[in-house]
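Please look through the structure shown here with the paragraphs below at hand. They go from ring pairs to a helix, then to cysteines, backbone details and the chain as a whole.

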Amino acid sequence: MAVQLHQVCRPVPPSSSPIGSLPACFTKQSTFAGDIHRFPSTMMLNKKDGRKGLSSSVKVRSSLETVGPTVVVGEVTEVNQETFWPLVNAAGDKTVVLDMYTQWCGPCKVIAPKFKELSEKYLDVVFLKLDCNKDNKALAKELGIKVVPTFKILKNSKIVKEVTGAKIDNLVGAIEEVRSS
């Protein structure tokens with residue numbers, strides 16, 4: 001996943017800065033590839049004498065967060081007819097797992113906490129859930145829902161695997177298979 005790193009630097013007082021006075025504020029922008037989730041604030045040091053240089057705060061935005069609805073790594077994101085395809089398309093070649101459920105479904109309620117645990121384990125996978133209620137009926141039909149829960153696994157905006165029922169072992173196996181392909 002490409003991650004945009006925005007780093008805003010503020011100068012320290014000139015007396016303690018080995019490089020003298022700097023502009024009031026400047027921004028450095030870089031793009032990285034890989035699984036970069038969080039960056040703490042950091043302090044840059046002058047390597048020669050160990051004095052403090054610039055303090056910096058770092059904010060990370062993934063490509064999934066730059067347009068429209070957002071996805072948080074390590075969490076399950078609720079989607080609807082309007083947000084589902086934009087998020088899937090923004091995921092690019094990342095694996096996307098969609099939990100299709102209903103509020104009244106007992107097995108859906110049983111597997112929901114396990115699905116959340118999977119989202120915390122597989123930080124390179126996007127986890128979504130869709131309530132197949134009347135508001136999302138058209139999307140559920142488009143995705144070919146027949147029973148709940150149904151898990152659709154997508155890659156490159158295409159459905160590549162499906163797991164029906166509250167079968168966590170089958171779901172984990174399918175996720176592993178798609179991630180490794």
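This is a predicted model. A search of the whole structure turns up three aromatic pairs. One of them is formed by F84 and W85, whose ring centres lie 4.8 Å apart with 70° between the planes. That arrangement is edge-to-face, because planes over 60 degrees apart count as such. The two residues can also be described by their accessibility. F84 has a relative accessible area of 0% and is therefore buried. W85, at 24% relative accessibility, counts as partly exposed.

Another pair is made by F115 and F127. Their ring centres are 5.2 Å apart and their planes stand at 75°, so this pair is edge-to-face. Which parts of the chain does the pair of F115 and F127 tie together? F115 lies in helix α2, residues 106-121, and F127 lies in strand β7, residues 125-131, so the pair links parts that are twelve residues apart in sequence. Both F115 and F127 are buried. Together with F151, F115 and F127 form one aromatic cluster.

A ring also takes part in a contact with a charge. The charged end of K129 sits over the ring of Y101, at 4.7 Å from the ring centre.

Helix α2, which holds F115, can be followed along its length. The helix has 16 residues and reaches 24 Å from its first C-alpha to its last. This is close to the 22 Å expected at 1.5 Å a residue. Where does α2 bend? The bend is at A112 and amounts to about 35°, and a proline, P113, follows within four residues.

The buried residues of α2 are C108, I111, F115, L118 and S119. What do these buried residues pack against? Their partners are the strands β5 (76-79), β6 (95-101), β7 and β8, together with the helix α4 (168-180). F115 thus appears among the buried residues of α2 and also in the aromatic cluster with F127 and F151.

C108, another of the buried residues of α2, leads to the cysteines. The structure holds one disulfide. It joins C105 to C108, with an S to S distance of 2.5 Å. The angle about the S-S bond is 80°, and the link of C105 and C108 is right-handed. Are the two cysteines of this link buried or exposed? C105 has a relative accessible area of 3%, so C105 is buried. C108 has a relative accessible area of 5%, so C108 is buried.

C132 is in no disulfide. The nearest cysteine sulfur to that of C132 belongs to C108 and is 8.2 Å away. A disulfide calls for cysteine sulfur atoms within 2.5 Å, which is why C132 and C108 do not count as one. C132 is itself buried, with a relative accessible area of 17%, because buried means under 20%.

Next come some details of the backbone. Most residues other than glycine have a negative phi, and most peptide bonds are trans. A cis peptide bond joins V148 and P149, with omega at about -5°. P149 is placed in the loop between α3 (137-142) and β8 (150-155).

The loop between β8 and β9 (158-164) contains N156, and S157 is placed in the loop between these two strands as well. Phi of N156 is near 55°, a positive value in a residue other than glycine. S157 likewise is not a glycine, yet has a positive phi of about 65°. How accessible are N156 and S157? N156 has 45% relative accessibility and so counts as partly exposed. S157, at 24% relative accessibility, counts as partly exposed.

These parts can now be placed in the whole chain. The chain has four helices and nine strands. Read along the sequence, these elements follow the pattern β-β-β-β-β-α-β-α-β-α-β-β-α. Of the 181 residues in the chain, 34% are buried. Contacts between residues at least 6 apart in sequence can be sorted by their separation, and 68% of them join residues at least 24 apart.

How values were computed:
Residues are numbered from 1 along each chain as its sequence is written. This is a predicted model: local features need pLDDT of at least 70, side-chain atom pairs count only at pLDDT 80 or more; totals for chains, interfaces and linings use all residues. Side-chain values use heavy atoms; hydrogens and water are left out. Rings of Phe, Tyr and Trp (its six-membered ring) pair if their centres lie within 6.5 Å; planes under 30 degrees apart count as stacked, over 60 as edge-to-face and the rest as tilted. Buried means under 20% relative accessible area, exposed over 50%, partly exposed in between (1.4 Å probe, protein chains only). A charge sits over a ring if NZ of Lys or CZ of Arg is within 6 Å of the ring centre and within 35 degrees of the ring normal. The expected span of a helix is 1.5 Å times one less than its number of residues. The bend at a residue is the angle between axes fitted to the seven residues ending there and the seven starting there. Contact means heavy atoms within 4.5 Å.
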